[in-house]
Structure formats: C-alpha cells, structure tokens
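Please open the structure in your viewer and keep the sequence panel beside it, so that each selection can be followed in both places. Take your time at each stop before moving to the next.

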Amino acid sequence: MTGRVPMAKFFIITNNELVRDKYSGQYDVEFHAVKYTEILRMVRDYVHAGHKLLTHPLAGSIKPNETPYKTVFLTKAKGTLDSESLRIIEDCIVACRKFGKERFPTMPEAMREDFRYIDCSLTDNAIVSAMQQ
C-alpha cells in the first residue's frame, strides 16, 4: 500500500516507533515517546472528548508492566461520551496500577525490539477490523 488511505475512519495513538514508521504514511498516527500508562491516559482524554475505542487497550497476552509499548485505535469522529469506551479505558488504567511498576525498567534493546514487533503485529491485525468500522 502506498499513500494515505482516505477512507479510514480511525486514528492510531502509539508509543511504538515501529507502528509509527510502518503506518504513518497510510493512516493518521499520533506518536508519543511516553510510557505505556501515559498512552492510556491520553486515550482516556480522547474518550472524554467523544471518541470511541476501536481496539481494547489491553489486547494481547502481555501484562502492562512487562511491555513498554501500546497502540490503540480510536474513531476520528467525535460524538457524545461513550460510556462503554470510558468504562473500558478506566478499567485498563486501574488494571495497570494493580500490576505495579515496570518489570524491566532497563530493558535490553533486543527485548524492546521484540515487544515493538509484538505490538506492531497486534496493530496489523487491528487494521483489518478497524477498516470495516
């Protein structure tokens, strides 16, 4: 695929450079070099502004304290506050607090690369369903 896909009704928020580099030419990608939990707070702010979640913020089988990367899809269109999206993102933030501090604050680059790849793979799969929204 080349060029931006004009029909996408979603945008992507991520702290994963691999997702940014792979998709920023095709979709609206908002990249922030912040921690996982900060991405969740940003997503919550978007939900409060009327955007809806299109992907679950805790998708995948990796615990939030084990990976530094998170990518979430939201609707571009804003409406009234979606109570289900708000409940999900609030529950995710609470769940992250329960897991506690990052397990690998000084993670080796090879491990970071693996986690970037896993998050990007989840994103690859989410693109297909998000395009059907």
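The tour begins with the whole chain and then goes from one residue to another.

**The whole chain**

Before selecting anything, bear in mind that this is a predicted model. Show the protein chain as a cartoon and follow its secondary structure, which comes to four helices and three strands; starting at the N terminus, these elements run in the order β-α-β-α-β-α-α. Turn the chain along its principal axes, and the C-alpha atoms will be seen to fill a box of roughly 40 × 35 × 20 Å. The radius of gyration of the protein chain is 14 Å, which agrees with the value near 14 Å that a compact globule of 133 residues would have.

If you now switch on the surface, the accessible area of the protein chain is about 7600 Å², and carbon and sulfur atoms account for 54% of that surface. Buried residues make up 41% of the 133 residues in the chain. Colouring by charge brings out 19 positive and 17 negative charges, whose mean positions lie 3 Å apart. Among the contacts in the chain with a separation of 6 or more, 70% are between residues 24 or more positions apart, and several of the stops below give examples of contacts to look for.

**First stop: N16**

Select N16, which sits in the loop between strand β1 (10-14) and helix α1 (17-23). Is N16 buried or exposed? Its relative accessible area is 0%, and because buried means under 20%, N16 counts as buried. Leaving aside neighbours within four places in sequence, show the residues in contact with N16, which are F31, Y69, T71, R116, D119 and C120.

**Second stop: V19**

Move on to V19, which is found in helix α1 and is buried, with a relative accessibility of 0%. When neighbours within four places in sequence are set aside, V19 is in contact with I12, T14, S24, T71, D119, C120 and T123. For a distance across the sequence, pick the C-alpha atoms of V19 and Y117, which are separated by 8.6 Å although the two residues are 98 residues apart along the chain.

**Third stop: Y27**

Next select Y27, in the loop between α1 and β2 (29-31); with a relative accessibility of 3%, Y27 counts as buried. Add I12 to the selection, and the C-alpha atoms of Y27 and I12 turn out to be separated by 7.6 Å, with their places 15 residues apart along the chain.

**Fourth stop: E38**

Go now to helix α2, where E38 is placed, and colour E38 as partly exposed, since its relative accessible area is 28%. Which side chain does the side chain of E38 join in a polar contact? Show the side chain of R41 as sticks, and you will find the polar contact of 2.7 Å between E38 and R41. To compare with a residue elsewhere in the chain, select F10, whose C-alpha atom is separated from that of E38 by 20 Å, the two being 28 residues apart along the chain.

**Fifth stop: H51**

Continue to H51, in the loop between α2 (36-48) and β3 (71-75), where its relative accessibility of 8% makes it buried. Display the side chain of H51 together with the backbone of T75, because a polar atom of that side chain lies 2.6 Å from the backbone oxygen of T75, a distance within the 3.5 Å used for a polar contact. Apart from neighbours within four places in sequence, H51 is in contact with F11, Y46, L74, T75, K76, A77 and K78.

**Last stop: L53**

Finally, select L53, which is also placed in the loop between α2 and β3 and is buried, with a relative accessible area of 13%. Not counting residues up to four places away in sequence, L53 touches V43, V47, V72, F73, L74, S85, I88 and I89. To end the tour, pick I118 as well: the C-alpha atoms of L53 and I118 are separated by 20 Å, and the two are 65 residues apart along the chain.

Conventions
Residues numbered from 1 in each chain as written. Predicted model: local features only at pLDDT ≥ 70, side-chain atom pairs only at ≥ 80, totals over all residues. Heavy atoms only, no water. Helix = DSSP H or I, 4+ residues; strand = E, 2+ residues; numbered from the N terminus. Buried < 20%, exposed > 50% of the residue type's maximum accessible area, 1.4 Å probe, protein only. Polar contact = N/O pair within 3.5 Å; in protein donor to acceptor, adjacent residues only side chain to side chain. Contact = heavy atoms within 4.5 Å. Rg over C-alpha atoms; globule rule 2.2 N^0.38 Å. Areas by Shrake-Rupley, 256 points an atom, 1.4 Å probe, with all protein chains shown as cover. Lys, Arg positive; Asp, Glu negative; His and termini not counted. Charge placed at Lys NZ, Arg CZ, Asp CG, Glu CD.
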